[in-house]
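Here's a small set of exercises to work through with the structure open beside you. Try each task before you read its solution.

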Amino acid sequence: MAAAPWPLVLAAALAALLLGGGGAEARVLLTLDDFGAAGDGIANDTQAFLNAWAAACASDEAAVLAVPPGKAYRIWPVQLSGPCRRKLKLLIAGSIVAPASPGEWAGRDAMKWLYIYGVDDLSVSGGGTIDGMGHEWWASTCKRKKTQPCYAGPRPKAVHFEECRRVSVQGVTLQNGQQFHLTFTRCSDVTASFLRVVAPPDSPNTDGIHLNDTSRVQITDNLISTGDDCVSMVGNCSDVRVKDISCAPGHGISIGSLGKNRTTDMVENVKVDTCLLTNTTNGVRIKSWQGGMGFARNLRFESIVMRNVSNPIIIDQYYCDQPTPCANQTQAVEVRKVEFVGIRGTSATKQAINIACSDTVPCRELELKNVNLTLEGGGAAPAAFCYRAYGRSAGTVAPPSCLATRGDRMLRDATADGMDS
């Protein structure tokens with residue numbers, strides 16, 4: 001029997017979605033094609049997308065805005081704004097594709113491509129693809145191009161949610177982002193799951209999922225392979241769960257960088273567990289600039305497998321990502337109450353644990369528990385390095401813990417004495 005044509009498959013899927021159970025709310029179905037989109041991967045379908053969004057957002061009933069399968073819709077930079085009247089589902093079954101040339105951003109905000117602002121109760125799903133076509137952006141950046149002229153300016157965040165609540169992005173592919181693939185800024189109650197996020201390993205700053213000032217987040221069941229952090233969080237982030245992530249390759253899973261330009265950043269209540277990291281340049285990492293303020297606390301990294309990972313466990317309060325040396329400063333983001341539990345696998349570097357903390361704001365209440373890291377390819381056991389790092393170890397820890405087990409109490413007493421004087 002011949003396979004059913006795509007339109008019939010989509011119609012059947014949407015019928016099930018729209019009808020749902022007996023008590024399901026009514027929904028309105030709109031497609032980009034209804035608003036004149038060509039979907040041939042060449043024509044500019046931006047206005048059709050904007051018109052379809054406006055109609056869906058203004059609907060008195062919950063709406064489904066569908067990007068039909070088997071088609072590619074080329075979309076120039078857009079802002080999809082709320083508030084919308086009812087819940088909205090963006091069902092991406094086909095492809096949304098960016099213009100390839102950075103020149104198409106002339107006169108537009110170079111930091112935005114698909115920018116969603118002030119929209120609550122939005123879900124994105126459908127099994128389709130969002131393609132940032134970032135190759136020309138990467139080729140021109142100074143991080144890739146070492147001769148002048150090179151581009152040191154901003155690049156678009158491929159999909160960027162800002163000031164949104166109760167947002168879900170599930171079951172789509174994000175690829176070749178110009179910069180970060182999926183970003184949440186000042187959002188809450190966020191779910192990002194069953195995603196495939198891919199870009200070449202040498203694509204600069206192409207973080208997979210990036211959080212900024214965002215709380216109550218679930219990042220689960222994702223396959224991420226990019227040129228930068230698989231998951232990163234900065235600013236004021238709290239109550240974040242990162243679980244069941246395959247990160248390969250990339251720069252690992254990072255908290256930070258924090259405190260750049262003497263800013264105050266506060267990250268707390270983060271759990272990262274049941275992850276597989278392969279061939280990454282870092283494993284689990286906390287990084288902050290000298291001179292920053294705030295804290296990174298109540299963080300737990302658990303049940304993580306490393307395969308040929310450089311710097312499997314790293315805390316760096318001396319982070320400096322600029323061409324000139326960073327000035328020494330006494331102020332620092334406080335790192336406190338951090339647990340590394342059940343972390344095992346192989347290190348690509350001879351130093352498997354590297355914890356470098358501030359002289360004036362040392363790391364405190366750290367724990368290494370049941371850590372087993374060996375050197376990739378065998379040979380001598382890897383080493384652990386600690387500086388101004390206080391805490392304890394439990395169970396078997398290899399390489400042996402370098403945490404200072406004394407001094408935490410004295411540190412607090414000295415700080416109190418200094419405040420009293």
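**Exercise 1: the cavity**

How much space lies in the largest cavity? Work out which residues and elements line it, too.

*Solution.* Before starting, note that this is a predicted model, where local features need pLDDT of at least 70, side-chain atom pairs count only at pLDDT 80 or more, and totals for chains, interfaces and linings use all residues. Residues are numbered from 1 along each chain as its sequence is written, and side-chain values use heavy atoms, with hydrogens and water left out.

Step 1. Get the terms straight: on a 1 Å grid over the protein atoms alone, a cavity is a set of points where a 1.4 Å probe fits but cannot get out, while a pocket is an open set with protein on both sides within 12 Å along at least five of seven lines; lining residues have an atom within 4 Å of a point. Grid points are joined across faces, edges and corners, and a volume is the space filled by probe spheres set on the points.

Step 2. Search for cavities of 30 Å³ or more: the structure holds one. The space in the largest cavity comes to about 130 Å³.

Step 3. List the lining. There are 17 residues around the largest cavity, and Leu90, Leu114, Ile116, Ile130 and Val159 lie nearest its centre. Two or more lining residues come from each of helix 2, strand 6, strand 8, strand 9 (122-125) and strand 11. Helices (H or I, at least four residues) and strands (E, at least two) are DSSP runs, numbered from the N terminus.

**Exercise 2: a helix with a covered face**

Check the length of helix 2, then find where its buried residues fall around the axis.

*Solution.* Step 1. The expected span of a helix is 1.5 Å times one less than its number of residues. For the twelve residues of helix 2 (residues 46-57) that gives 16 Å, and the end C-alpha atoms are indeed 16 Å apart.

Step 2. Pick out the buried residues (under 20% relative accessible area; exposed is over 50%, partly exposed in between, with a 1.4 Å probe and protein chains only). In helix 2 these are Thr46, Ala48, Phe49, Ala52, Trp53, Ala56 and Cys57.

Step 3. Look down the axis of helix 2: the buried residues fall within an arc of 160 degrees, so they line one face of the helix. The arc is that of the directions from the helix axis to the C-beta atoms.

**Exercise 3: the cysteines**

How many disulfides does a search of the whole structure find? Compare a few of them, then deal with the unpaired cysteines.

*Solution.* Step 1. Count pairs of cysteine sulfur atoms within 2.5 Å, which is what a disulfide means here. The search turns up six. With the bonded cysteines of the protein chain numbered in sequence order, the pairing reads 1-2, 3-4, 5-6, 7-8, 9-10, 11-12.

Step 2. Start with Cys57 and Cys84, whose sulfur atoms are 2.1 Å apart. This link is left-handed, at -105 degrees about the S-S bond. Cys57 sits in helix 2 and Cys84 in the loop between strand 5 (78-81) and strand 6 (88-92), 27 residues apart. Both are buried.

Step 3. Move on to Cys320 and Cys326, joined with S to S at 2.0 Å. The torsion about their S-S bond is about 90 degrees, so this disulfide is right-handed. Cys320 counts as partly exposed at 31% relative accessibility, and Cys326 counts as partly exposed at 23%.

Step 4. Now the loners. Cys275 has its closest cysteine sulfur in Cys247, 8.4 Å away, too far for a bond. With 3% relative accessibility, Cys275 counts as buried.

**Exercise 4: strands and the pocket**

Which strands pair with strand 21, and which strand gives the most to the lining of the largest pocket?

*Solution.* Step 1. Two strands pair if DSSP finds at least two bridges between them. Strand 19 (residues 231-234) runs parallel to strand 21, with three bridges, and strand 23 (residues 284-288) is also parallel to strand 21, with four bridges.

Step 2. Trace a row across: Met233 stands opposite Ile255, and Ile255 stands opposite Ile286. Strand 21 (residues 253-258) has five of its six residues buried.

Step 3. Turn to the largest pocket, with about 1,300 Å³ of space. Its lining has 44 residues, with Gln179, Phe180, Asn205, Lys260 and Asp321 nearest the centre. Strand 19, strand 21 and strand 23 are among the strands that each supply at least two lining residues. Strand 11 gives the most, with three.
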